[in-house]
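The following exercises are to be worked with the sequence and the coordinates at hand. Each task is followed by a solution in steps.

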Amino acid sequence: MEPIKDPKFDVDKMIDSVIDYTELFLTGVKEVVKSGKELEEKKFMTYWFSVMNSSNMSSQQCLFFTHLINELYETGFFRSPASIKYHGNYRCGLVEHSIGVFYYMVKFYREVKDLREKYSMFDIMITALCHDLCKIGLYNEVKYDGNTIPPSVKLDKDQPKFIKNNKRRSFGHGEQSIWTLKDLECKIKSEHSECDIVDIKFDVIEAIRWHMGRYDLSGYGEFEYDKAKRNNKLVLVTHYADDLTSSWDNR
Ligand SMILES: [Fe+2]
């Protein structure tokens, strides 16, 4: 279901507010990360409600999102790191990274007219927040004890680090995220019938599938990726936002 199109709705103002809220939130997350604590659900919800309230999302989309966030808290998404050796390799790194991707995607959204005409803020939110759902439950936190850490992982004494477990199946990075998202979508819709009419677009799913761009290609995949990025503008935007967020840390 698409949001109601109100001719008086000021899209520029909405985008600027979303960018401001997101900058503020990311600064707060940095503090949480520094302290080594966990991000409180309340803090994330306050940010997310501000974003939702300033956007023109339908009430069903807002409801769906709220249920999705509750489900994600249950899965450990908000505690998880984004990687072991690279970006966000600390507690809450995954949510910091995902909202960082959202931040850059909104910046593209502000500049590219085609994106604004074709996609809603709901589409951008779902793509950014869910592109790395494959990382849920993938890393185990370890404490320094001198014995159980594999030699490849170098630890500072007081710093919690993570090791990869072998829960990842043979699906690729993007496909695994789609599977998790669709699983959560089914659960939410079966438990909350008012969310039934919420639609996650094919383009959103396709952008999640290809968000790694050329880092995730082999053989026939190259042809498929080129086709996807030509037909669906969200594909490149998601990939660039992901790359920018994981490569830069100086918003
Ligand atoms: Fe990512």
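## Exercises on a predicted model

The chain of this predicted model contains 10 helices and two strands.

**Exercise 1.** Determine the order of the elements along the chain, and state what share of the contacts with a separation of 6 or more comes from residues 24 or more positions apart.

*Solution.*
Step 1. Read from the N terminus, the order is α-α-α-α-α-α-β-β-α-α-α-α.
Step 2. Among contacts with a separation of 6 or more, 73% join residues 24 or more positions apart.

**Exercise 2.** Establish how H1 and H4 are oriented relative to each other, and describe the residues at their contact.

*Solution.*
Step 1. Helix H1 covers residues 11-35 and helix H4 covers residues 93-111; their axes come within 10 Å and cross at roughly 160 degrees.
Step 2. Angles over 145 degrees count as roughly antiparallel, and H1 and H4 are therefore roughly antiparallel to each other.
Step 3. The handedness of the H1 and H4 crossing is left-handed.
Step 4. On the H1 side, the contact includes Ile15, Val18, Phe25 and Val33; on the H4 side, it includes Val95, Ile99, Phe102 and Val106.
Step 5. By class, the residues of the contact of H1 with H4 comprise 13 nonpolar, two polar and three charged.

**Exercise 3.** Classify Asn53 as buried or exposed, and give the separation of its C-alpha atom from that of Val18.

*Solution.*
Step 1. Asn53 belongs to helix H2, residues 41-54.
Step 2. A residue with 12 or fewer other C-beta atoms within 10 Å is exposed; Asn53 has 11 and is therefore exposed.
Step 3. The C-alpha atoms of Asn53 and Val18 are 9.6 Å apart, although these positions lie 35 residues apart in chain numbering terms.

**Exercise 4.** Describe the largest nonpolar core and identify the helix that supplies the largest share of this core.

*Solution.*
Step 1. Of the 251 residues in the chain, 35% are buried.
Step 2. The largest nonpolar core has 53 residues, and those with the most contacts inside it are Val95, Phe102, Met105, Val106, Ile124 and Met125.
Step 3. Helices that each supply at least two residues of this core include H1, H2, H3 (59-75), H4 and H6 (121-130).
Step 4. H4 supplies the largest share of this core, 10 residues.
Step 5. Beyond its neighbours within four places in sequence, Ile124 contacts Phe102, Met105, Val106, Tyr109 and Tyr119.
Step 6. As a general point, nonpolar side chains tend to be buried together in soluble globular proteins.

Methods
Residues numbered from 1 in each chain as written. Predicted model: local features only at pLDDT ≥ 70, side-chain atom pairs only at ≥ 80, totals over all residues. Axes fitted to C-alpha atoms, helices over the stretch in contact; angles between N-to-C directions. Helix = DSSP H or I, 4+ residues; strand = E, 2+ residues; numbered from the N terminus. Parallel < 35°, antiparallel > 145°, perpendicular 65-115°, else oblique. Left-handed = near helix turned anticlockwise from the far one by under 90°. Contact = placed C-beta atoms within 7 Å. Nonpolar A, V, L, I, M, F, W, Y, C, P; charged D, E, K, R; others polar. Buried ≥ 20, exposed ≤ 12 C-beta atoms within 10 Å, placed from the backbone. Core = buried A, V, L, I, M, F, W, Y, C linked by C-beta atoms within 7 Å.
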